[in-house]
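Trainee: I would like to learn how to read the features of a protein model, one at a time. Could we look at one together?

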Amino acid sequence: MSQKSRPRRLLSVGHSYAVGVNRRLAHEMERVGGGAWEVTVAAPDYFHGNDLRPVRLEVRPDEPCRAVPLTAYLTRRVHVFLYGRRLRALLGEGWDVVHAWEEPYILSGGQVALWTPPAAALVFRTAQSIDKRYPPPFGWVERFAMGRAAGWICSGSLVAQTLTPREGYDKPNAQIPLGVDVDQFRPDPAAAAAALRQLGWDPAGPPVVGYLGRFVPEKGICLLTRALDGLAGPWRALFVGAGPMEPYLRAWAARHGDRVRLCTGVTHDRVPAYLGAMTVLCAPSQTTPNWKEQFGRMVVEAFAAGTPVIGSDSGEIPFVLKDAGVVVGEKDGPGWTRAIGTLLADPARRRELAARGLQRARDEFAWPTVARQYLLFFERVLAARGG
């Protein structure tokens, strides 16, 4: 615990905190802080977004830390949305650390940098996996925000490699992964069998090849459907998510009759059962000129659920998988068909990968472990400032 007579005061701000499950990081920092840290989280009271469904902030009475609703504007476009004046007042409440879960180049990230008092250590969390040169005003915002920042956090080695040489990022930084709830995401054969029955499938039927995430081209939807078309043995396919490629998937599924299911509008509490129902999860992400897979949350959730994973070599996925999954070239269509077919035919290999992934989920990605890493980094930043 700090030698100060009072706990460290931490404010964590981010539009993603409008979703209750995303506030788990703040909750765990409060818990593992053991009284040495007082944590407050701030989020928009409404966020429309341009990827997922609109979200209204709902604060539960049992949340372990204070959650402050903020007005936000222009929330259909994350790069230009802005917070209202309540954020400025909140930032002035005497924090030791302000943690911005906003990119430093977007306008709201610049707002946080502008309104954070100099006495507070400002730390950004960033996921920039491609070295981009942003047009005005975003490049100006990034330079200002990182000039004000005392440090930054990213979720993996690819982002660290990309940003460390970049102007303005020559300051304390840490690679800290995204977390997973290993109590919610865990091997549960009974729940998996129930999920299969709810889908109208026999739990003893053919193996299930699964996908979890957005239905968008860069996530490799077309690659996966082509790979499945090439499989020689029996299989079923389960796609869980939502997005603009849903019509494509439904048309493809119609050609395969009863062996394909699409589940859209799935709430996060139902995801563990669907992951457990999958014989293997596929993460066939594709690199584009403007995007690489920045982490792959679905991978660590599958680890925790005891589901083996096949992932592409796009972005951070190989670094997350390591020896706990199978990596296939993102453009290697025949390789994907072979990898899926080989793993479906090898129960012993599936058990081996599942055991490795489960152990890594518990050792590296469990929320208490991740939260401790955040607090240790904040302490390091404060020590570097003489605090």
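Trainee: Is Leu74 buried or exposed, and how does one decide?

Mentor: Keep in mind that this is a predicted model. A residue counts as exposed when its relative accessible area is over 50%, and because Leu74 has a relative accessibility of 57%, it counts as exposed. Leu74 sits in the loop between β6 (72–73) and β7 (82–83).

Trainee: What is unusual about the phi of Leu74?

Mentor: Most residues other than glycine have a negative phi. Leu74 is not a glycine, and yet its phi is positive, at about 60°. Lys322 is a further case, with a positive phi of about 50° although it is not a glycine either. Lys322 belongs to the loop between α11 (317–321) and β17 (326–328), and its relative accessibility of 53% means that it, too, counts as exposed.

Trainee: Which residues are joined by a cis peptide bond?

Mentor: The general idea is that most peptide bonds are trans. Here, a cis bond joins Pro136 and Pro137, with omega at about 5°, and Pro137 is in the loop between β9 and α4 (138–148).

Trainee: How should I read the sheet, and in what order do its strands lie?

Mentor: One follows the pairing from strand to strand, which here gives an open sheet of seven strands, in the order β5-β2-β1-β8-β9-β10-β11, with parallel pairing. At the edges are β5 (66–70) and β11 (173–175), each of which pairs on one side only, and from one strand to the next the twist averages 20°. For a single pairing, take strand β1 (residues 8–13) and strand β2 (residues 37–44), which run parallel and are joined by six bridges; Leu10 stands opposite Val39 in β2.

Trainee: Which strands does helix α1 lie across?

Mentor: Helix α1 (residues 24–32) lies across β1, β2 and β8 (97–100), and it runs at about 170° to β2. Helix α3 (residues 107–115) also packs on the sheet, where it touches β8 and β9 (121–125), and its direction makes about 170° with that of β9.

Trainee: Which residues of helix α8 are buried, and where do they lie around its axis?

Mentor: To read a helix, one looks down its axis and asks where the buried residues point. In helix α8 (residues 246–254) the buried residues are Leu249, Trp252 and Ala253; seen down the axis of α8, they fall within an arc of 100°, and therefore they line one face of the helix. The face turned away from that buried side carries the exposed residues Pro247 and Ala254. The buried residues of α8 pack against α7 (221–229), β13 (236–242) and β14 (260–263).

Trainee: How many aromatic pairs are there, and how are the rings of Trp235 and Trp252 arranged?

Mentor: The structure holds 14 aromatic pairs. For each pair one reads the distance between the ring centres and the angle between the planes, and planes under 30 degrees apart count as stacked. The rings of Trp235 and Trp252 have centres 6.2 Å apart and planes at 15°, so this pair is stacked. Because Trp235 lies in the loop between α7 and β13 while Trp252 lies in helix α8, the pair ties together parts that are 17 residues apart in sequence. Phe239 and Trp252 form an edge-to-face pair, at 5.8 Å centre to centre and with 75° between the planes. Both Phe239 and Trp252 are buried.

Key
Residues are numbered from 1 along each chain as its sequence is written. This is a predicted model: local features need pLDDT of at least 70, side-chain atom pairs count only at pLDDT 80 or more; totals for chains, interfaces and linings use all residues. Side-chain values use heavy atoms; hydrogens and water are left out. Two strands pair if DSSP finds at least two bridges between them. Helices (H or I, at least four residues) and strands (E, at least two) are DSSP runs, numbered from the N terminus. Axes are lines fitted to C-alpha atoms, for helices over the stretch in contact, and angles run from 0 to 180 degrees between N-to-C directions. Contact means heavy atoms within 4.5 Å. Buried means under 20% relative accessible area, exposed over 50%, partly exposed in between (1.4 Å probe, protein chains only). The arc is that of the directions from the helix axis to the C-beta atoms. Rings of Phe, Tyr and Trp (its six-membered ring) pair if their centres lie within 6.5 Å; planes under 30 degrees apart count as stacked, over 60 as edge-to-face and the rest as tilted.
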